[in-house]
Amino acid sequence: MRPKLDGILETAVYVDDMQAAHSFYTDILGLKCMVAGERLSAYDAGPAQTLLVFHRGHTGEDVETPGGVVPGHDTTGHSHFAFRISSDQLSPWRDYLKEMQVEIISEVTWPAGGQSLYLNDPDGNVLELVTAPLWPNYQS
């Protein structure tokens, strides 16, 4: 019998400019930085949820830690991830992003009724702010 998963704990994005990414994720999105370093920063993205921002090209090698080896990983190109927002926060986010001069690159209304705002971080990664309902496991 297959053991149960409890959910996704970490989502990773790779960037070329760690300082620009840090400014965006803390100053624009308001995420609290929990760990900051040259190759990785970790941000509180909600209860038991962490956004890992890796310095592209600096994480391909294994890293020895006192507790064991962290396998190397890296990626090229732009990635995508989404933040949940309540439907009553869609307009405030739209207004706030305009005020902060962050371009909304697309807006989508999904068949189930949820709505998404898409924007880019400084490295071109695609972020989504999305309301329920969207997926069967993300309902209002």
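**Thr59 and a four-stranded sheet: two exercises**

Thr59 is buried, with a relative accessible area of 0% (buried means under 20%, exposed over 50%, partly exposed in between, with a 1.4 Å probe and protein chains only). We're working with a predicted model, where local features need pLDDT of at least 70, side-chain atom pairs count only at pLDDT 80 or more, and totals for chains, interfaces and linings use all residues. Residues are numbered from 1 along each chain as its sequence is written, and side-chain values use heavy atoms, leaving out hydrogens and water.

**Exercise 1.** Work out where Thr59 is found and which residues Thr59 touches.

*Solution.*
- Start with the chain: Thr59 is in the loop between strand E4 (49–55) and strand E5 (63–65). Strands here are DSSP runs of E, at least two residues, and helices are runs of H or I, at least four, numbered from the N terminus.
- Next, the contacts (heavy atoms within 4.5 Å): not counting residues up to four places away in sequence, Thr59 touches Tyr14, Arg39, Phe54, Gly72, His73 and Asp74.
- Last, zoom in on His73: the backbone oxygen of His73 lies 2.5 Å from a polar atom of the Thr59 side chain.

**Exercise 2.** Lay out the open sheet of four strands and find its edges.

*Solution.*
- Write down the order: E7-E10-E9-E8, an open sheet with mixed pairing (strands pair if DSSP finds at least two bridges between them).
- Now the edges: E7 (80–84) and E8 (104–109) each have a single partner strand, so one side of each is left without a neighbour in the sheet.
- Finally, check one pair: E7 and E10 (residues 126–130) run parallel, joined by five bridges, and His80 stands opposite Val126 in E10.

How values were computed:
A polar contact is a pair of N or O atoms within 3.5 Å; within protein, one must be able to donate a hydrogen and the other to accept it, and residues adjacent in sequence count only if both atoms are side-chain atoms.
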